[in-house]
Amino acid sequence: MRAVDIIMKKRDGAELSREELAFIVTGYVSGDIPEYQVSSWLMAVFFRGMSFRETADLTELMLRSGSVMDLSGIAGPFVDKHSTGGVGDKVSLVLAPIAAACGIRVPMMSGRALGHTGGTLDKLESIPGYTTRLDEKRFREYLERDGFAMTGQTDAIVPADKKLYSLRDVTATVESVPLITASILSKKVAEGAEALVFDVKSGPGAFMKTVADAERLANSLVKTGQAMGKRIVGVITDMTEPLGDKVGNFLEVEESIDCLKGKGPADMMEVTLRLSAWMLVAGGKARDVAEAESMCREAVDSGRAYELFERNVRSQGGDADRMLSLCGSYRSGFSRELKAPSAGWIESIDAYKIGLAGVYLGVGRNKTTDPVAPDVGFVFSRKKGAKVAAGDTIATVYGRDAASLDAAWPLVSGSLSIGAAAPATSPLVIKEITAL
Ligand code: URA
């Protein structure tokens, strides 16, 4: 086989065999096929797409490029949730303890902030002492004892994705439904979950800007995951404005604690309870999503979910007392207020612009090696639909220093649209696709 023939075949729109896909994946991981040929192949896939059979084969080949987490000996059911990425999306921090409190085991392997989207690992690491670097032994121990454990991807898990994702990032081939499906699913299957709930974000702050694109990705994840023997739910949720009232690293930990203590913002609670509820249904702990949602609400109201969160913080080396004492005060000394330029109703706060501004402030990063800051970000006091007078504060914005606030400001002020009338409301949970 020759890589050039496989590139040509995909370039001309034909379907690749499993052997041809294996030749590319194994050849790239071993270093036998050079990056310039894999880049061309990625671009051919980007434009020509892949059949469902090719996507499932690619997912499995990527999965087999590394090892799979061994959860044998621990009682399940193992269910995880994965978000395609958003702004203010702290759902994992709240959902994992809720699902665990309802009898689900959540083996959660998360990522870091990249581009305009935030990362669960960066948020958790803003808790003093908390480590997300767990070896398999400790991951298994905490998962069994606390009901959930939070870790980063190890080198042993899907090495093919590590290489391919970095190459896609610099060759403008990230936004391809089959490539995203294989990348996400191979990693999620490798962590050992039996069932998966995907939060496919849709809107300006998401990878998928339209509901139609989000639906294509959700369908692909559900169908491919099902072909790999998993129970799958795909939930399309809105990412037009940031989720919740706080965006940042420790700021999002703070809001997660509020949510777990029953004082969270309505939008965060709606999305989190819905996704947690689907985890319970997928794990066989509830008959339907309505029953599951009331179980999840009870886990919050009783304090059991918060208790598990605190237990996980202590297990993973975090100083829970210090975390609590920092709530409300862990803020950079450099701040500026975003004020309403005129009277009216807030029509929208653009999540994409807020996410990008966050990179300048120190919430996120452009390159995987960039450092992030724990005490920067946004605290919104008004969001979409609020009536404001000229000069009212919409948000307090915290940056690393004055220069970072200056750099972020055009995006921050450009994110806000004020209209003459109250905007129409739109649903947060847009569509649900199940294969259970
Ligand atoms: N997240 C991933 O893990 N992979 C993708 O391809 C896109 C988002």
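**Exercise 1. Work out how many aromatic pairs a search of the whole structure finds, and describe two of them.**

Step 1. Searching the whole structure turns up 4 aromatic pairs. Rings of Phe, Tyr and Trp (its six-membered ring) pair if their centres lie within 6.5 Å; planes under 30 degrees apart are stacked, over 60 edge-to-face, and the rest tilted. A quick note before going on: this is a predicted model, where local features need pLDDT of at least 70 and side-chain atom pairs count only at pLDDT 80 or more, while totals for chains, interfaces and linings use all residues. Residues are numbered from 1 along each chain as its sequence is written, and side-chain values use heavy atoms, leaving out hydrogens and water.

Step 2. Take Phe46 and Phe47: their rings sit edge-to-face, 5.3 Å centre to centre with 85° between the planes. Phe46 is partly exposed at 29% relative accessibility, and Phe47 is exposed at 63%. (Buried is under 20% relative accessible area, exposed over 50%, partly exposed in between, with a 1.4 Å probe and protein chains only.)

Step 3. Now Phe250 and Tyr330, also an edge-to-face pair: 5.0 Å between centres, 65° between planes. Phe250 belongs to helix H11 (residues 250–260) and Tyr330 to the loop between helix H15 (320–326) and strand S7 (334–339), so the pair ties together parts 80 residues apart in sequence. Helices (H or I, at least four residues) and strands (E, at least two) are DSSP runs, numbered from the N terminus. Phe250 is buried at 0%, whereas Tyr330 is partly exposed at 22%.

**Exercise 2. Find which residues surround the ligand, and which side chains make polar contacts with it.**

Step 1. List the shell (a heavy atom within 4 Å): Tyr165, Arg168, Ile180, Ser183, Ile184, Lys187 and Phe207.

Step 2. Sort out where the shell comes from. Helices H8 (159–169) and H9 (177–190) each supply at least two residues, with H9 giving the most, 4 residues.

Step 3. Look for polar contacts (N or O atoms within 3.5 Å). Ligand oxygen atoms come 2.9 Å from a side-chain N or O atom of Arg168 and 2.5 Å from one of Lys187. Ser183 puts a polar side-chain atom 2.6 Å from a ligand nitrogen.

Step 4. Check the cover: alone, the ligand exposes 240 Å², and the protein buries 89% of that (Shrake-Rupley method, 1.4 Å probe).

Notes. A polar contact is a pair of N or O atoms within 3.5 Å; within protein, one must be able to donate a hydrogen and the other to accept it, and residues adjacent in sequence count only if both atoms are side-chain atoms.
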